[in-house]
Amino acid sequence: PHPKLGALIDALGDVPVVTEAATVRKRSRDFFWYSPILNAQLHGKSADVLVSPRTEAEVMRVAAACARFGVPITPRGAATGNYGQAVPLHGGVLLDLSGLTEVEWVRGGVVRCGPGLVMSELDAMLAPQGLEQRLHPSTKRRATVGGFVAGGSGGIGSITYGGLREPGNIRAARIVTVEPEPHAIELRGDAAQKVNRAYGTTGIITALEMPLAPAWPWVEMIVAFDTFAGAMAFGHAAALADGIVKKLIAPIAWPLPSFFAEVRPFCPEGRAVLIVMVAEASVESFKALLGGDGDITLERPASDAPGQTPLYEYTWNHTTLQMLKADRGVTYLQCLFPHDRVLESVGEMCAMFPEELLGHCEFIRFGGRVTASALPVIRFSTPERLDAIMALHEAHGVMIANPHVMTLEDGSRHKRADADQIGFKREVDPMGLLNPGKMRSFVPAPRA
Ligand code: FAD
């Protein structure tokens, strides 16, 4: 443990702490184990103490104490990240933000809330006002709003609103700095991008203003197609149909649906499926567009409530999870296909790795254009082969965000604000105590 740990805990007063090693170790993990590479690198990494502030004032007390004693501090939401974002590399404090759940206000189609709210709980609170979050990851029923902003990128809803990086999807973020006398900074508009997907290295988020969307009654469906190419082609047509209100369009190649336990009966043997979420008012138009191209095998109201697995939990990185439950020999990639030849490009990659790549895509808007992102499942052999598969994708015009690395710089090549984020870090975390090791290019100033 850190030599100043005792003094640090004393300085925290009545802020709840847990020092019991087994609990702290367990809470120090996230879903990095989807990557065999990260699993080897991050195994056994743990904080020394779990600290759970309940208010911004308590966050400030923790930040002040960490700055005073030079103790690292790693923020944590629900720890559902896939790159070890919330895993402390150098011990210290694991700062559990899940207690900051206050909804300050909802007005003009915007919510201002604490970062610790679970995303499905926030939507349940917003529903009576006819509102919901614009986009959410497939981990919505566990993930926190703050963890999504600091560690995620997009998901269900991105077919209409794009990812978190699109201007306007985060209206403001309030952060606390890590200094002997911490202060709060309000980042509005584009400035809020300084915390988007920065893994908590650029300030502790204590409040967020998120623009909302109308909460339509959503219908979720499984549509079966003879081929993956057929599911892709119709999915693309549906994605481009601007009058059809939708949240999710995900074509999935056989045999992935054979791993979809609860909905397996609705996934016919040997066929590709398309998982969609369409507003009830658009179902008729959706069916008209489909014509006789595919067969709807399941159609039901969408819900996050316990008791029924929402169909979005078979898409995005949940597809990998469904297969991992049966086969630990697989991992995944993160791809963005070129919008002007999306169907050809997906077809090329499936043909190039017939034995190793199990294809599924999620249609999204990216920079104003409709394209497909994908988290294809990969049968893992060696790290070298994994690198070669990624390099071959890039050589054929597919953008890769490497999910097998733990630093910001190596992971997300299509992120905008890298330089901005590094400069900003000097202001808000001059000693480099926030999630150290995750922002590789940051070198703290020498201590006076
Ligand atoms: P955590 O994992 O706890 O934290 C994420 C990062 O944010 C960490 O670096 C942490 O230090 C930092 N952080 C957390 N809270 C704060 C705070 N208050 N202030 C500063 N920093 C903070 N991601 C997607 O984008 N889209 C998907 O569709 C998606 N699908 C997934 C499916 C599966 C099965 C799994 C395992 C993961 C998936 N993810 C996806 C990744 C992850 O679930 C999401 O990004 C999620 O939003 C993270 O939220 P969290 O609360 O679990 O954050």
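This tour visits the ligand site, one pocket and two cavities, in that order. The structure is a predicted model, and each stop begins with a selection to make in the viewer.

**Stop 1: the ligand and its shell**

Select the ligand and display the residues around it. The shell consists of 36 residues, and those closest to the ligand are Pro75, Gly77, Thr80, Thr144 and Gly154.

Next, show backbone atoms and look for the polar partners of the ligand. At Ala79, a backbone N or O atom lies 2.7 Å from an oxygen atom of the ligand. Gln85 has a polar backbone atom 3.0 Å from a ligand oxygen atom. A third backbone N or O atom to display belongs to Phe148, 3.5 Å from an oxygen atom of the ligand. With a surface switched on, consider the cover over the ligand: on its own the ligand has 970 Å² of accessible area, and the protein covers 97% of this.

Now colour by secondary structure. The elements that contribute two or more residues to the shell are β3 (73–76), α6 and β10. Of these, α6 gives the most, with five residues. Which classes of residue make up this shell? There are 16 nonpolar residues, 19 polar residues and one charged residue.

**Stop 2: the second largest pocket**

Select Asp123, Glu132, Lys140, Trp218 and Asp304. These are the residues closest to the centre of the second largest pocket, out of the 16 that line it. The space in this pocket is about 250 Å³.

Extend the selection to α5 (119–126) and β7 (131–133), the elements that each give two or more residues to the pocket lining. The largest contribution is from α5, with three residues. By class, the lining of this pocket has nine nonpolar, two polar and five charged residues.

Then colour domain 2 (103–214 + 416–428) and domain 3 (218–400) separately. Where does the second largest pocket lie with respect to these domains? Both domains give residues to its lining, so the pocket lies between them.

**Stop 3: the largest cavity**

The structure holds three cavities of 30 Å³ or more. For the largest, select Met119, Gln133, Arg134, Leu135, Val145, Phe148, Leu164, Asn169, Met210, Pro211 and Leu212, which form its lining. Two elements, α6 (145–151) and β10 (204–214), give two or more residues to this lining. The largest share is three residues and comes from β10.

The space in this cavity is about 90 Å³. Its lining comprises eight nonpolar residues, two polar residues and one charged residue. Keep Phe148 highlighted for a moment: this residue lines the largest cavity, and its backbone also supplies an N or O atom 3.5 Å from an oxygen atom of the ligand.

**Stop 4: the second largest cavity**

Finally, select Phe337, Leu357, Gly359, Ala374 and Pro376. Of the 13 residues that line the second largest cavity, these are the closest to its centre. The volume of this cavity is about 60 Å³.

Add helix α11 (residues 342–352) to the selection, since the largest share of the lining, three residues, belongs to this helix. How many charged residues does the lining of the second largest cavity have? There are no charged residues in it; the lining is made up of ten nonpolar and three polar residues.

Terms used
Residues are numbered from 1 along each chain as its sequence is written. This is a predicted model: local features need pLDDT of at least 70, side-chain atom pairs count only at pLDDT 80 or more; totals for chains, interfaces and linings use all residues. Side-chain values use heavy atoms; hydrogens and water are left out. On a 1 Å grid over the protein atoms alone, a cavity is a set of points where a 1.4 Å probe fits but cannot get out, and a pocket is an open set with protein on both sides within 12 Å along at least five of seven lines; lining residues have an atom within 4 Å of a point. Grid points are joined across faces, edges and corners, and a volume is the space filled by probe spheres set on the points. Helices (H or I, at least four residues) and strands (E, at least two) are DSSP runs, numbered from the N terminus. Ala, Val, Leu, Ile, Met, Phe, Trp, Tyr, Cys and Pro count as nonpolar, Asp, Glu, Lys and Arg as charged, and the others, Gly among them, as polar. A residue is near a molecule or strand if one of its heavy atoms lies within 4 Å of it. A polar contact is a pair of N or O atoms within 3.5 Å; within protein, one must be able to donate a hydrogen and the other to accept it, and residues adjacent in sequence count only if both atoms are side-chain atoms. Accessible areas come from the Shrake-Rupley method with a 1.4 Å probe; for residues, only the protein chains shown count as cover. Domain bounds come from an automatic or database domain assignment.
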